[in-house]
Each structure stands twice: as C-alpha cells, then as structure tokens.
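Work through the exercises below with the structure at hand. Try each task before reading its solution.

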Amino acid sequence: MAPLERLFAYEIEFHRRLRTELAAFQDLGGLHTSYALGLGYEPIIRAVGSVSMREIDGVMKKMTLAGDVRDVLKARDSVMRVLSVRQFEGH
C-alpha cells in the first residue's frame, strides 16, 4: 500500500472508531496524537512527501468503496491538515 493510502486508511479507522467506540471521549486532539504516534505517522508522512488535492481526491474515491462515507470525508480533512494541503491546490 502506498504511503498516502496507508495514512488515509489509518485515518479512516481512527474516525470509524471515534464514531462507534469513543464518541464520549473529550480530548480528541490528545487521542488523535496518541493514535498517530502509536501507528508511526512520522515516517509515513515523510514517505508521502508533497501531494496535491487531486491525489488526495483520488485516494478518497478509492477508499469510499471500502468504508463509511462519513469516516472517509473526516479522514480526508484530517489528511489534508496533516499534510498541509489546501482545498483548492492541485485542481
């Protein structure tokens, strides 16, 4: 799995678990940071490098087939924040 796809898959899983198991958790920032550290996001982010919104959209479309759309959309937004990609870049 390509690094961007791996990062996206991890984020989808985080948001799925947040929605289904951890809805009452208060410190979402801390929870997300812990999750990212536990899965080793730093080397994945370095491996992803610079990406465009078009690349993120392509992975999002592929991942939509495998997951709940709510989680995929939240994952997309999160991936964009982590990689510092703006909505209208690369289109």
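The exercises go from the whole chain to two helices and then to single residues of this predicted model.

**Exercise 1. Overall fold and confidence**

Task: State how many helices and strands the protein chain has, and judge how far the model can be trusted.

Solution.
- Step 1. Count the elements: the protein chain has 5 helices and 0 strands. Read along the sequence, the pattern is α-α-α-α-α.
- Step 2. Check the confidence of the chain: the mean pLDDT is 89, and 96% of the residues reach 70 or more.
- Step 3. Check the elements: helix 2 (residues 28–39) has the lowest mean pLDDT among them, at 91, and helix 3 (residues 41–48) has the highest, at 96.
- Step 4. Keep one caution: where pLDDT is low, the predicted coordinates should not be read in detail.

**Exercise 2. Size, burial and contacts**

Task: Compare the radius of gyration of the protein chain with that of a compact globule of 91 residues. Then describe its surface and contacts.

Solution.
- Step 1. A compact globule of 91 residues would have a radius of gyration near 12 Å; the protein chain has 13 Å, which agrees.
- Step 2. The C-alpha trace spans about 35 × 25 × 25 Å along its principal axes.
- Step 3. Of the 91 residues, 35% are buried. The chain exposes about 5,600 Å², and carbon and sulfur atoms supply 56% of that area.
- Step 4. Among contacts with a separation of 6 or more, 75% are between residues 24 or more positions apart.

**Exercise 3. The two sides of helix 4**

Task: Find which residues of helix 4 are buried, and explain why they line one face.

Solution.
- Step 1. Helix 4 covers residues 53–64, which is 12 residues, and reaches 16 Å from its first C-alpha to its last, close to the 16 Å expected.
- Step 2. Its buried residues are Met53, Ile56, Asp57, Val59, Met60 and Met63.
- Step 3. Seen down the axis of helix 4, these buried residues fall within an arc of 165 degrees, so they line one face of the helix.
- Step 4. The general rule behind this spacing: an α-helix has 3.6 residues a turn, so residues three or four places apart point the same way.
- Step 5. The buried residues of helix 4 pack against helix 1 (3–20) and helix 5 (69–83). On the face turned away from the buried side are the exposed residues Arg54 and Lys61.

**Exercise 4. Helix 2 and the glycine after it**

Task: Repeat the analysis for helix 2, then describe glycine 40.

Solution.
- Step 1. Helix 2 has 12 residues and reaches 16 Å from first to last C-alpha, close to the 16 Å expected at 1.5 Å a residue.
- Step 2. Leu31, His32, Tyr35 and Ala36 are buried in helix 2. They cover an arc of only 130 degrees around the axis, which puts them on the same side of helix 2.
- Step 3. Helix 1, helix 3 and helix 5 are included in what covers these buried residues. The opposite face, turned away from the buried side, carries the exposed residues Leu37 and Gly38.
- Step 4. Glycine 40 lies in the loop between helix 2 and helix 3, and takes a positive phi of about 75 degrees.
- Step 5. With a relative accessible area of 25%, glycine 40 is partly exposed. Glycine 40 and serine 52 are 12 residues apart in sequence and 22 Å apart in space, C-alpha to C-alpha.

**Exercise 5. Two neighbours in helix 1**

Task: Is histidine 15 buried or exposed? Which residues are in contact with arginine 16, leaving aside its neighbours within four places in sequence?

Solution.
- Step 1. Histidine 15 is in helix 1, and so is arginine 16.
- Step 2. Histidine 15 has 11% relative accessibility; the cut-off for buried is under 20%, so histidine 15 counts as buried. Arginine 16, at 30%, is partly exposed.
- Step 3. Beyond neighbours within four places in sequence, histidine 15 is in contact with Asp71, Lys74, Ala75 and Ser78. Under that same exclusion, arginine 16 is in contact with Glu21 and Asp71.
- Step 4. Arginine 16 and tyrosine 41 are 25 residues apart in sequence and 18 Å apart in space, C-alpha to C-alpha.

**Exercise 6. A backbone exception**

Task: What is the phi of serine 84, and where is this residue placed?

Solution.
- Step 1. Serine 84 is in the segment after helix 5.
- Step 2. Most residues other than glycine have a negative phi. Serine 84 has a positive phi of about 55 degrees although it is not a glycine.
- Step 3. Serine 84 counts as exposed, at 59% relative accessibility.

Definitions and conventions: Residues are numbered from 1 along each chain as its sequence is written. This is a predicted model: local features need pLDDT of at least 70, side-chain atom pairs count only at pLDDT 80 or more; totals for chains, interfaces and linings use all residues. Side-chain values use heavy atoms; hydrogens and water are left out. Helices (H or I, at least four residues) and strands (E, at least two) are DSSP runs, numbered from the N terminus. The expected span of a helix is 1.5 Å times one less than its number of residues. Buried means under 20% relative accessible area, exposed over 50%, partly exposed in between (1.4 Å probe, protein chains only). The arc is that of the directions from the helix axis to the C-beta atoms. Contact means heavy atoms within 4.5 Å. pLDDT is the predictor's confidence in each residue, from 0 to 100. The radius of gyration is taken over C-alpha atoms; the globule rule is 2.2 Å times the number of residues to the power 0.38. Accessible areas come from the Shrake-Rupley method with a 1.4 Å probe; for residues, only the protein chains shown count as cover.
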